[in-house]
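Welcome! Here is a friendly briefing on one part of the structure shown below.

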Amino acid sequence: MTILVDSREKQNGHILEYFQRQGIAYQKTKLDYGDYTLLIPASAAGQDIYFHRDIVIERKASLEELSGNLAQERDRFEKEFLRARNDGCKVYLMVEAPGGYSDIISHRYNTQLKPSAYMASLKTWEVRYGANVQFISPEYSGYYIANTFQYFAREALK
């Protein structure tokens, strides 16, 4: 398995370092949507098998970044999820904020987006785009990405 990392993805050194420590192959490339996806290289399958239209992980580094996407950059963010949905692609929205919903409800984030509006937007994303929202500590992001793709590929290739 090779993890494809969007070339525009920034501040992901902790994830790439995890891949390197674990010997997980990755390459940077431009993705149409999402920040991470995978491919099975030809040496293992006879020809490269790309999953960029089947599964992606969209990473947000904080509740503040996600809030900005749901409020100020909503049109762009929504178009990205719409393209994925139209392709039949499963999107995992991984947010590096271990407090997750508790922090949203308690307004423990530094934006003006009210908790009720924040929750409404997130729940709308889940329903409208089939997004699988996951909150995680940044130290486990690489592990989460690799395992999500490993088990997806295993089931897809059965």
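**Helix 1 and its surroundings**

Helix 1 and helix 7 pack with their axes 8 Å apart, at an angle of about 60°. That makes helix 1 oblique to helix 7, oblique being any angle outside the ranges under 35 degrees (roughly parallel), 65 to 115 (roughly perpendicular) and over 145 (roughly antiparallel). This is a predicted model, in which local features need pLDDT of at least 70 and side-chain atom pairs count only at pLDDT 80 or more, while totals for chains, interfaces and linings use all residues. Residues are numbered from 1 along each chain as its sequence is written, and side-chain values use heavy atoms, with hydrogens and water left out.

**Where the two helices meet**
- The crossing of helix 1 and helix 7 is right-handed.
- His14, Ile15, Tyr18 and Phe19 in helix 1 meet Ser141, Gly142, Tyr143 and Ile145 in helix 7, where contact means heavy atoms within 4.5 Å.
- The residues of this contact divide into 5 nonpolar, 3 polar and no charged.

**The two faces of helix 1**
- Ile15, Leu16, Tyr18 and Phe19 are buried in helix 1, which spans residues 13-22; buried means under 20% relative accessible area, and exposed over 50% (1.4 Å probe, protein chains only).
- These buried residues cover an arc of only 155° around the axis, which puts them on the same side of helix 1.
- Gln20 and Arg21 are exposed, on the face turned away from the buried side of helix 1.

**Neighbours and what follows**
- The buried residues of helix 1 pack against several elements, among them strand 1 (2-6), strand 6 (90-95) and helix 7 (141-156).
- Gly23, just after helix 1, takes a positive phi of about 70°.

Note on methods. Helix = DSSP H or I, 4+ residues; strand = E, 2+ residues; numbered from the N terminus. Arc of directions from axis to C-beta. Axes fitted to C-alpha atoms, helices over the stretch in contact; angles between N-to-C directions. Left-handed = near helix turned anticlockwise from the far one by under 90°. Nonpolar A, V, L, I, M, F, W, Y, C, P; charged D, E, K, R; others polar.
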